[in-house]
Amino acid sequence: MRTLKKLTGVLLALIMAFGLTCIASAATYTITIDNDEAGYQYTAYQVFSGDVSTLNGTAVLTNLNWGQNVTAGTNLDRALQAISVTINGETVYPFADIATSGNSFEVILNVLASYADEDDNVVAQAFAEVMRNYVGSAIATSTTVSPLHHHGE
């Protein structure tokens, strides 16, 4: 569960950083983890890939695809479509439309972004739970170290 919460947090950071509209910069990107836990190893997975393009003076993601180590296909599509969550007492299937959409990545990112402000984001947690079965090798890892503690401070 702890790993799922950390994966969900990183996933939400990525969604906010790379939603459908993003700020273009050089080819290097940084992920900042607030309130990190000393001694914990954080692992980044490339869930989506794409190109940053300019449209009407705004940087947008184009050519969206699954990340380099995602096992995509019918099984993943079905697993995402089957996600059901309870929101305000109602059962919702947030990814049910991905098969009928002309751009399933746009639907997925829009759904995730629409729930990004939820305190307990059950949609992102359910998405992360499914994706952990379809994502292979990590693209980066980082281990936090214990901060130095000074007595009397």
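Here are four short exercises with worked solutions on the structure above.

This is a predicted model, in which local features need pLDDT of at least 70 and side-chain atom pairs count only at pLDDT 80 or more, while totals for chains, interfaces and linings use all residues. Residues are numbered from 1 along each chain as its sequence is written, and side-chain values use heavy atoms, with hydrogens and water left out.

**Exercise 1. Find out which residues of helix 4 are buried, and what caps its N-terminal end.**

Step 1. Let's settle the terms. Helices (H or I, at least four residues) and strands (E, at least two) are DSSP runs, numbered from the N terminus. Buried means under 20% relative accessible area, exposed over 50%, and partly exposed in between, with a 1.4 Å probe and protein chains only.

Step 2. Go along the helix. Val 123, Ala 124, Ala 126, Phe 127, Ala 128, Val 130 and Met 131 are its buried residues. Helix 4 covers residues 122–131, and seven of its ten residues are buried, so the rest of the structure largely encloses it.

Step 3. Look just ahead of the helix. Asn 121 sits in the loop between helix 3 and helix 4 and is buried, at 3% relative accessible area. Asn 121 is the cap: one of its side-chain oxygens lies 3.1 Å from the backbone nitrogen of Val 123.

Step 4. Check the next residue too. A polar atom of the Asn 121 side chain lies 2.9 Å from the backbone nitrogen of Ala 124. For a polar contact, a pair of N or O atoms must be within 3.5 Å; within protein, one must be able to donate a hydrogen and the other to accept it, and residues adjacent in sequence count only if both atoms are side-chain atoms.

**Exercise 2. Describe how Phe 48 and Phe 127 pair, and how Trp 66 and Phe 105 do.**

Step 1. A pair of aromatic rings is described by the distance of the centres and the angle of the planes. Rings of Phe, Tyr and Trp (its six-membered ring) pair if their centres lie within 6.5 Å; planes under 30 degrees apart count as stacked, over 60 as edge-to-face and the rest as tilted.

Step 2. The whole structure has six aromatic pairs. In one of them, the centres of Phe 48 and Phe 127 are 6.3 Å apart with planes at 15°, so this pair is stacked. Phe 48 belongs to strand 2 (residues 48–55) and Phe 127 to helix 4, so the pair ties together parts 79 residues apart in sequence. Both Phe 48 and Phe 127 are buried.

Step 3. Trp 66 and Phe 105 form an edge-to-face pair, 5.1 Å centre to centre with 70° between the planes. Here Trp 66 of strand 3 (residues 58–66) meets Phe 105 of helix 3 (residues 104–114), 39 residues apart.

Step 4. Put the rings together: ring pairs link Phe 48, Trp 66, Phe 95, Phe 105 and Phe 127 into a cluster.

**Exercise 3. List the contacts of Gln 81, leaving aside its neighbours within four places in sequence.**

Step 1. Place the residue: Gln 81 is in helix 2 (residues 74–81) and is partly exposed, at 22% relative accessible area.

Step 2. Contact means heavy atoms within 4.5 Å. The partners of Gln 81 are Tyr 93, Phe 95, Ala 96, Ile 98 and Ala 99.

**Exercise 4. Locate the salt bridge of Arg 132.**

Step 1. A salt bridge is a side-chain nitrogen of Lys or Arg within 4 Å of a carboxyl oxygen of Asp or Glu. The structure holds one.

Step 2. The partner of Arg 132 is Glu 129, with the closest N and O atoms 2.9 Å apart. Arg 132 is partly exposed at 46% relative accessibility, and Glu 129 is partly exposed at 31%.
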